[in-house]
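Trainee: I would like to take a close look at a single helix and at what surrounds it. Could you walk me through it slowly, and then show me how it fits into the rest of the structure?

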Amino acid sequence: MDTIDWLLDSDPAISWQARRDLTDASPAVIAAERARVPHEGIGAEILARQGSDGSWHRTDAPVWLPTLYTLLLLRATGVDPAEPVVDRAVARLEASFQWDEEFGAKPFFDGEVEPCINGGVLALGAYFGRPTESLARRLVGEQLADGGWNCEAPKSRRSSFHTTICVLEGLLEYERAVGSAPEIAAARQRGEEYLFKRRLFRRFSTSEVANPAFLNFAFPPRYHYDVLRALDYHRDGSAQPDARIGDALDVVGSRQQADGRWLLDGAHDEAIALPFGESVGEPSRWNTLRALRVLRWYERRKLEPTISGHNSKK
């Protein structure tokens with residue numbers, strides 16, 4: 001089966017994004033496919049597994065863990081947050097969840113103490129119509145001198161790829177939700193520069209690969225960084241590709257299989273409240289979707305003049 005057809009013939013969470021990002025389907029066709037997400041496939045299963053307390057649960061994990069990462073997977077489906085069944089689920093969480101006392105006992109969308117977690121919380125609040133200004137400002141205040149973030153700060157003054165991508169995703173979603181936010185945009189640009197200076201996966205000091213795991217593509221990613229995640233973030237938030245992403249794009253292209261697909265190199269599904277549905281080492285629709293849309297975006301934009309600034313394409 002053709003790779004695009006393989007993506008279109010799949011879970012609505014994937015097929016609607018493939019129509020939007022990889023075909024010339026009409027807005028009406030794309031919208032109709034997206035409308036299936038909360039009622040069929042993984043989107044519907046996530047919503048069905050919400051507990052009566054508004055959270056998501058695993059017997060082997062504290063409640064915050066599957067709640068945070070299952071909801072991040074729901075965001076990755078691209079479900080319309082205005083769908084009544086989705087808004088009701090988010091309202092139940094908002095009304096009932098509190099972080100543990102050691103993390104401040106605050107409501108879910110107010111976040112806790114670690115920036116890698118708070119980046120995800122900020123992204124969720126913004127995406128699902130609950131943007132939290134205090135959390136965004138906290139993350140801006142925790143930015144390190146080199147431009148990134150690290151959950152080990154202030155003990156460590158050197159940023160982490162892992163934490164930085166989590167925060168950048170949150171700031172982008174927040175900026176998209178509230179509109180003009182110069183302070184947020186400036187912090188996000190500094191964070192992006194931290195990654196670009198390192199070509200998305202290299203050490204700044206030696207240009208060597210910072211971590212071989214960055215070249216393996218995992219989904220769901222949890223807090224883990226890799227170059228496909230970074231490139232998909234860049235595609236999502238930038239009008240033009242930065243000139244320094246070439247090496248990372250080469251990595252993505254080199255991982256394409258002879259059948260046109262990408263494999264699942266890892267799955268951090270130990271943090272979600274349902275079976276993920278893909279197997280490590282097998283062809284992955286999620287990775288293939290993300291890789292193809294990054295490459296398509298780059299091919300379409302690379303001949304356009306580079307501009308400054310970072311504008312949402314959605």
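Mentor: Let us begin with helix α11, which spans residues 227-237 in this predicted model. Of its 11 residues, 11 are buried, so the helix is largely enclosed by the rest of the structure. A residue counts as buried when its relative accessible area is under 20%, and in α11 this applies to V227, L228, R229, A230, L231, D232, Y233, H234, R235, D236 and G237. That list contains charged residues, among them R229, D232, R235 and D236, as well as nonpolar ones such as V227 and L228. The cover over these buried residues is provided by several elements, including α2 (12-22), α9 (161-178), α10 (182-196), α12 (246-254) and α13 (285-301). At the N-terminal end of α11, D226 acts as a cap, with a side-chain oxygen 3.0 Å from the backbone nitrogen of L228.

One of the covering elements, α2, can be read in a similar way. Helix α2 is mostly covered, since 10 of its 11 residues are buried, and these are P12, A13, I14, S15, W16, Q17, A18, R19, D21 and L22. They pack against α11 and α13, and also against α1 (3-8), α3 (27-34), α4 (41-48) and α5. The N-terminal end of α2 is capped by D11, which places a side-chain oxygen 2.8 Å from the backbone nitrogen of A13.

Next, consider the empty space beside α11. Rolling a probe the size of a water molecule over the atoms shows where such space is left. When the whole structure is searched, one cavity of 30 Å³ or more is found, and the largest cavity holds about 50 Å³ of space. Its lining consists of E192, L195, F196, L200, A230, Y233 and H234, and the elements that give two or more residues to that lining are α10 and α11. Sorted by class, the lining of this cavity has five nonpolar residues, one polar residue and one charged residue.

L200, which is part of that lining, leads us from the cavity into the nonpolar core. In soluble globular proteins, nonpolar side chains tend to be buried together. Here the largest nonpolar core has 91 residues, and L200 is among those with the most contacts inside it, together with W64, L68, F108 and F128. Setting aside neighbours within four places in sequence, L200 is in contact with V227, A230 and L231, and also with F161, L195, Y225, I245 and A248. V227, A230 and L231 are buried residues of α11, while A230 also lines the cavity.

Helix α11 takes part in an open space as well. The largest pocket has a volume of about 820 Å³, and of the 39 residues that line it, R75, A76, E173, D236 and R293 are the closest to its centre. Two or more lining residues come from each of α2, α5, α7 (115-127), α9, α11 and α13, and α7 gives the most, with seven residues. The lining of this pocket divides by class into 20 nonpolar, five polar and 14 charged residues. D236, one of the residues closest to the centre of the largest pocket, is also one of the buried residues of α11.

A second pocket is worth a look for comparison. About 280 Å³ of space lies in the second largest pocket, which is lined by 14 residues, with R158, F161, Y194, R198 and R203 nearest its centre. Its lining has five nonpolar, four polar and five charged residues. F161 appears here and also among the contacts of L200.

Finally, α5 (residues 64-76), another contributor to the largest pocket, contains T70. T70 is buried, with a relative accessible area of 0%, and a polar atom of its side chain lies 2.9 Å from the backbone nitrogen of A273. Beyond its neighbours within four places in sequence, T70 is in contact with I46, W56, A271, I272, A273 and L274. For contrast, Q98, in the loop between α6 (84-96) and α7, counts as exposed at 51% relative accessibility. The side chain of Q98 nevertheless reaches the backbone oxygen of A105 at 3.3 Å, and Q98 touches both A105 and K106 when residues up to four places away in sequence are not counted.

Definitions and conventions:
Residues are numbered from 1 along each chain as its sequence is written. This is a predicted model: local features need pLDDT of at least 70, side-chain atom pairs count only at pLDDT 80 or more; totals for chains, interfaces and linings use all residues. Side-chain values use heavy atoms; hydrogens and water are left out. Buried means under 20% relative accessible area, exposed over 50%, partly exposed in between (1.4 Å probe, protein chains only). Helices (H or I, at least four residues) and strands (E, at least two) are DSSP runs, numbered from the N terminus. Contact means heavy atoms within 4.5 Å. A polar contact is a pair of N or O atoms within 3.5 Å; within protein, one must be able to donate a hydrogen and the other to accept it, and residues adjacent in sequence count only if both atoms are side-chain atoms. On a 1 Å grid over the protein atoms alone, a cavity is a set of points where a 1.4 Å probe fits but cannot get out, and a pocket is an open set with protein on both sides within 12 Å along at least five of seven lines; lining residues have an atom within 4 Å of a point. Grid points are joined across faces, edges and corners, and a volume is the space filled by probe spheres set on the points. A nonpolar core is a set of buried Ala, Val, Leu, Ile, Met, Phe, Trp, Tyr and Cys residues joined through side-chain atoms within 4.5 Å.
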